[in-house]
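Good morning, and thank you for making time for this short presentation. I would ask you to keep the sequence and the structure in view while I speak.

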Amino acid sequence: MVLDNLGSSLRESLDKLSGKSRLSEEDVEDIVKEIQRSLLQADVDVSLVMDLSSSIRERALEEEPPGGTSARDHVLRIVYEELVDLVGESTDLPLESQTIMLAGLQGSGKTTSAAKMAWWFSKKGLRPAVIQTDTFRPGAYDQAKQMCERAEVQFYGDPDNDDPVDIARKGLEETADADIHIVDTAGRHALEEGLIDELEEIESVVNPDRNLLVLDAAIGQGAKEQAQRFQEAVGIDGVVITKLDGTAKGGGALAAVDETNSSIAFLGTGEEVADIERFEPSGFISRLLGMGDLKQLTERVERAMSETQAEDEDWDPEDMMKGEFTLKDMRRQMSAMNKMGPLDQVLDMIPGLGGGLKDQLPEDAMDVTKDRMRSFEVIMDSMTEEELENPRIMGKSRIERVSRGSGQPEQQVRDLLEQHKMMSQMMKQFQGMGDGDMKRMMKKMGGGGGGGGGGLGGMGPFG
Ligand SMILES: Nc1nc2c(ncn2[C@@H]2O[C@H](COP(=O)(O)OP(=O)(O)OP(=O)(O)O)[C@@H](O)[C@H]2O)c(=O)[nH]1
Ligand SMILES: [Mg+2]
């Protein structure tokens, strides 16, 4: 999406740095040029690009890389931090009662976004209502009503009333039961005084908690002036970038964010009510730097973990990282893995890990097919508690007994034990990584805070 191209070209410049411990001015200039080119292509405002460039340049040359950090890691971290700074955190949106007013130019996607956002809040368990105050565009009422029906959310509008302020007032009364009120407003083709006056009037009646400026991803350099005008009139708390499913990269919207000192709240990625994403800087930038989709990975791992954990409340993945790896752990792992997808695919998503570590693993360690897992499950059901906790005691006669009890061939029981041995070796490798590479890697990704930390704990199931 936004700034998507950056990854590969930047990676090339970064690759030139591998092995170096210090950065030269030319090295930094190379990287800065790559970043500039991609950002300008993505419609990011020139002055923002220049500011970013000089921060990167300055920091890369002046800051001492922390001990043991390579030049590549050092500059990567700086670039990442500065990009996070540029795109900002996502707009704070507490899941509680609130009124949100949407503003923006004609056709920017306000009405669509109103229904999408209502849908989004309803999925979070809140009761939203959309109020349509657009009396300007013919068909605005029908369009909003239909979209709200598709989103299965409450809607208020009045095609016979031509006073938007009055509609807003009545709409709030009529939908008083709702938790979230989303007020859609009329757009105009340019920033006319009329539009601004009307918006101010609606605002004074509605008294919104948040005003969101809706911008088409194709907005380009015009975003700044628009943002300025809306900011003066009603104040902007966040931006919604729409139509990111098209070719435009949405970089222009960053100027609006900068101008209004706000942030990005949502991204629109299609015409349907579900085509909406909460803006998320870190996943987005990890991907844009070509370092693997950390966000997606963490989410997948966390989902699998929580499902597995729901089945077994006492289990703490951290224990597994520390202590002995039992057959019970293996069973949980297999079931978590089942939910995550093939192990090698999962490993591929871990930046910096997919290649190196994977090659060191015995090939069979990946070979946990569904059939095999099912048969392993059956075998484990025939094993005693003691055997599961301590598979080393599995001698010939126990293997025979379990084979008979489970109806599985003895060879399969031995395969299971062999698999367990391999996986526990693998776990040791991960454990060994615990303090060094793994943490550095997570830090590099900016995952130092809550999300990334959770991801580390989550490394368990595919180890
Ligand atoms: N592909 C795509 N189309 C979108 C998206 N958001 C809105 N649209 C389309 O863009 C057009 C304009 O969207 P509206 O929601 O009507 O825009 P608006 O700001 O309410 O327009 P006015 O009320 O006339 O000012 C419609 O055809 C939408 O289907 C998006 O995220 N992706
Ligand atoms: Mg509209």
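**The chain as a whole**

The protein chain has an accessible surface of about 20900 Å², and carbon and sulfur atoms account for 44% of it. Please keep in mind throughout that this is a predicted model. In the chain, 52% of the 463 residues are buried. The secondary structure consists of 22 helices and 8 strands. Let me add a figure on contacts: of those between residues at least 6 apart in sequence, 73% join residues at least 24 apart.

How confident is the predictor? The mean pLDDT of the protein chain is 78, and 72% of the residues score at least 70. Residues 1-5 have a pLDDT below 50, and in the model this stretch makes 20 contacts beyond near neighbours in sequence. A pLDDT below 50 is also found over residues 351-356, a stretch with 12 contacts beyond near neighbours in sequence.

**Three parallel pairings**

I now turn to the strands, beginning with E1, which covers residues 98-103. How many of its residues are buried? The count is 6 of 6, so the strand is mostly covered, given that buried means under 20% relative accessible area.

There is a general point to recall here. The side chains of a regular strand alternate between the two faces of the sheet. In E1, both faces are covered. Gln-98, Ile-100 and Leu-102 are buried on one side, while Thr-99, Met-101 and Ala-103 are buried on the other.

Which strands pair with E1? One of them is E4, residues 180-184, which runs parallel to E1 and is joined to it by 4 bridges. Within this pairing, Ile-100 has Ile-182 of E4 as its bridge partner. Another is E5, residues 210-216, also parallel to E1 and joined to it by 4 bridges. Here the bridge partner of Leu-102 is Leu-212 in E5.

E5 itself is mostly covered, with 6 of its 7 residues buried. E5 also pairs with E6 in the parallel sense, over 5 bridges. In that pairing, Val-214 stands opposite Val-240 of E6.

**A buried serine beside the strands**

Let us move to helix H5, residues 110-123, which contains Ser-113. Is Ser-113 buried or exposed? Its relative accessible area is 3%, and Ser-113 is therefore buried. What does Ser-113 touch, apart from residues up to four places away in sequence? Its contacts are Leu-102, Val-214, Val-240 and Thr-242. You have already met Leu-102 as the partner of Leu-212, and Val-214 and Val-240 as residues that stand opposite each other.

**Two loop residues with positive phi**

Next, I would like to consider backbone angles. Most residues other than glycine have a negative phi. Against that background, two residues deserve a look.

Asn-207 has a phi near 50°, a positive value in a residue that is not glycine. Where is Asn-207 found? It lies in the loop between helix H8 (193-206) and E5. Asn-207 counts as exposed because its relative accessibility is 60%.

Lys-243 likewise has a positive phi without being glycine, with a value near 65°. Its place is in the loop between strand E6 (238-242) and helix H10 (253-260). With a relative accessibility of 36%, Lys-243 counts as partly exposed.

**Helices H3 and H9**

Finally, I come to two helices and the residues around them. Val-46 is part of helix H3, residues 46-62. At 42% relative accessibility, Val-46 is classed as partly exposed. Together with Leu-40 and Met-50, Val-46 forms a nonpolar patch on the surface, and the accessible area of these residues together is about 230 Å².

Lys-224 belongs to helix H9, residues 223-233. Its relative accessible area is 33%, so Lys-224 is partly exposed. Which residues does Lys-224 contact, leaving aside neighbours within four places in sequence? They are Asp-45, Ser-47, Ala-255 and Glu-259. Of these, Ser-47 falls within the range of H3, residues 46-62, and Ala-255 and Glu-259 fall within that of H10, residues 253-260. Between Lys-224 and Thr-260, the C-alpha to C-alpha distance is 8.8 Å, with their positions 36 residues apart in sequence when counted as a separation.

Thank you for your attention.

Notes:
Residues numbered from 1 in each chain as written. Chains lettered and ligands numbered in written order. Predicted model: local features only at pLDDT ≥ 70, side-chain atom pairs only at ≥ 80, totals over all residues. Heavy atoms only, no water. Patch = residues over 30% accessible without salt bridge, like charges linked within 9 Å, V, L, I, M, F, W, Y side chains within 5 Å. Areas by Shrake-Rupley, 256 points an atom, 1.4 Å probe, with all protein chains shown as cover. Salt bridge = Lys/Arg side-chain N within 4 Å of Asp/Glu carboxyl O. Buried < 20%, exposed > 50% of the residue type's maximum accessible area, 1.4 Å probe, protein only. Contact = heavy atoms within 4.5 Å. Pairing = 2+ DSSP bridges. pLDDT = per-residue confidence, 0-100.
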